[in-house]
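Please open the model in your viewer and keep the sequence panel visible. The tour below proceeds by selection, with a short account of what each selection shows.

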Amino acid sequence: MKRFPFAASLCALALGSTPATWAQAPDSTPASPAPADAPQAAASPETTEGPSAPKPTEQEAAATPEEMAGTSEVIDNRPPPVVRPRIAVGNETFYVKPVLALAGGIHVENLIQTLNRNRESRATTVALTRFGFEGRLGQYVSFRSEFERNIRAHGSGVWEGTASFSVRDQVIRLQRWGVTLEAGIVVDPASVDYISTHVADTLLADKYTRDPLLYSGFNRGQGAQAAYDWKGFRIGMGYTAANPLSTSSSYQVGGTFGGGSRFWERPLANYRNGQPDDDLHFQVFSPSLTYTHELFEVKAMAQIFDVNYQTSSRTDPLLHGNNLRGNALLKLHADVGIPLFITPFFNIARVQNDVANSTAGFADTLLGTRYSATSIGAGMDINFEGRSGIGVQFNRIADRSPTYVAATGELPASEPITRGTQFYLNVGGTYWFTEDVALGGRYARYQKKQDGSEDEIDASYFVTLRLLL
């Protein structure tokens, strides 16, 4: 990491001095960076051709409430603008710009009821950083490389100048004639639930905002995807085939894997040479359809996946599963003395998958009952001053996880089901001092109900400053 700034500078200088003859042919009409049709979909490039290049603007306009409705800058996968932004190195169509997101503030945690009654509430200062660069190599090629200094729990991600880092988006993107091809570590826009923009004060890194996204099938991960945009419609297909830790969509898979752990936890249970277990393979196909209108947006998606939980054995059966998702967002304008922009939204996802029998003596067999979970989310934003405003969001995740009880005496074998329900509530407000810096406040509450266990309940209060460059 010590060489990173030097390498980035060399890359920026090289792009800035690239001869104009290297550039691809731009459009025939001078173009300005028009907003994307939808915040969750990649913007389509211009389709006409000609000799003249787009004129640079003196200052790139800030994202509007309509552009960012139902999403957040931290999960917005739109490519960088065709025209060079104000903070960039290069020429009009070949440039590199920084990616920087900072969030810091105070988090007060109130443990109302826990399984460990000795745990205490506490106040914590939080800090999170995401950094990298993105840019364009002509009109049809763009890229993004982003890293993160993790928030971790209660400030445990940093000590004496060291930190816990992770790799986020690492994507190269090709666009022309309405077609988009992406490869690397990518975000599938159809897998992103609509959210309240005013609860993203910690960049969706706390459990109250992150976990509902993951349970519903949010997919940021290693893979490739293709899409075609036409008159508001977007047809997409994503593909990932790797270790389950390579993609966030593995979080939705339920059941028991190696001692009762969830699927995404299984590779972490056994380290080899400092690396997570590589005996698992996760493959997912993700066809999707999105329609964007000036008054509403809708998304539909199917994630079809296979799990090979022992690649070192040819006798274990594959686990098959699927997740069906739907999302809807309205865009309403009203005037009650001040102009209001109101965006109610609704999300639903239902996942089910086979479950391996982890009982001793029943290796390489599947249970007759499948794991299933239903994720429902709803909320609304009210913007009353540009992107500033208030929002509320509620999520409910209900799952049914089977286990196996072997036959004993006259009692036949059975597959009892453990039911669990999790509730998430977020109420937040945002005030944008400038187009890049915002003050946020939020109340969040979590409750978990599970058969055979007492309820877990906690609440949190956040006050933060965040910068999104």
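Which residues of α3 are buried? In this predicted model, they are Y208, T209, D211, P212, L213, L214 and Y215.

**Overview**

Begin with the whole protein chain, coloured by secondary structure. The protein chain contains 3 helices and 22 strands. Of its 469 residues, 48% are buried. Among contacts with a separation of 6 or more, 65% are between residues 24 or more positions apart. Displaying the surface adds a further view: the accessible surface of the protein chain is about 22000 Å², and carbon and sulfur atoms contribute 60% of that area.

**First selection: helix α3**

Select residues 207-215, which form α3. Because 7 of these 9 residues are buried, the helix is largely enclosed by the rest of the structure. Next, add the strands around the helix. The cover over the buried residues of α3 includes β18 (371-385), β19 (388-402), β20 (417-432), β21 (437-450) and β22 (456-468).

Now inspect the ends of the helix. At the N-terminal end, D206 acts as a cap; one of its side-chain oxygens lies 3.0 Å from the backbone nitrogen of Y208. Moving past the other end, select G217, which comes just after α3 and has a positive phi of about 105 degrees.

**Second selection: the loop before α3**

Select L203 and L204. L203 is found in the loop between β8 (179-187) and α3, and L204 is also placed in the loop between β8 and α3. What is the sign of phi at L203? The phi of L203 is positive, about 60 degrees, although L203 is not a glycine. L204, likewise a residue other than glycine, has a positive phi near 60 degrees.

Are these two leucines buried or exposed? L203 has a relative accessible area of 2% and is buried. L204 counts as buried because its relative accessibility is 8%, and the cut-off for burial is under 20%.

**Third selection: strands β18, β19 and β20**

Return to the strands that help to cover α3, and select β18 with β19. How many bridges join β18 to β19? There are 13 bridges, and the two strands run antiparallel. To follow one pairing, select S375 and its bridge partner I397 in β19. β18 and β19 form a hairpin with 2 residues between them. In the turn, G386 has a positive phi of about 65 degrees.

Then extend the selection to β20. β19 and β20 run antiparallel and are joined by 14 bridges. Here, A398 stands opposite T421 in β20. While the strands are displayed, one general rule is useful for reading them: in a regular strand the side chains alternate between the two faces of the sheet.

**Fourth selection: E148 in strand β4**

Finally, select E148, which is found in β4 (residues 141-149). Is E148 buried or exposed? With a relative accessibility of 9%, E148 counts as buried.

Show the side chain of R130 as well. Its side chain and that of E148 are joined by a polar contact of 2.6 Å. To see the surroundings, display the residues that E148 touches, leaving aside those up to four places away in sequence: L128, T129, R130, S164, F165, S166 and R168. R130 thus appears both among the residues touched by E148 and as its partner in the polar contact.

Key. Residues numbered from 1 in each chain as written. Predicted model: local features only at pLDDT ≥ 70, side-chain atom pairs only at ≥ 80, totals over all residues. Heavy atoms only, no water. Buried < 20%, exposed > 50% of the residue type's maximum accessible area, 1.4 Å probe, protein only. Helix = DSSP H or I, 4+ residues; strand = E, 2+ residues; numbered from the N terminus. Contact = heavy atoms within 4.5 Å. Polar contact = N/O pair within 3.5 Å; in protein donor to acceptor, adjacent residues only side chain to side chain. Areas by Shrake-Rupley, 256 points an atom, 1.4 Å probe, with all protein chains shown as cover. Pairing = 2+ DSSP bridges.
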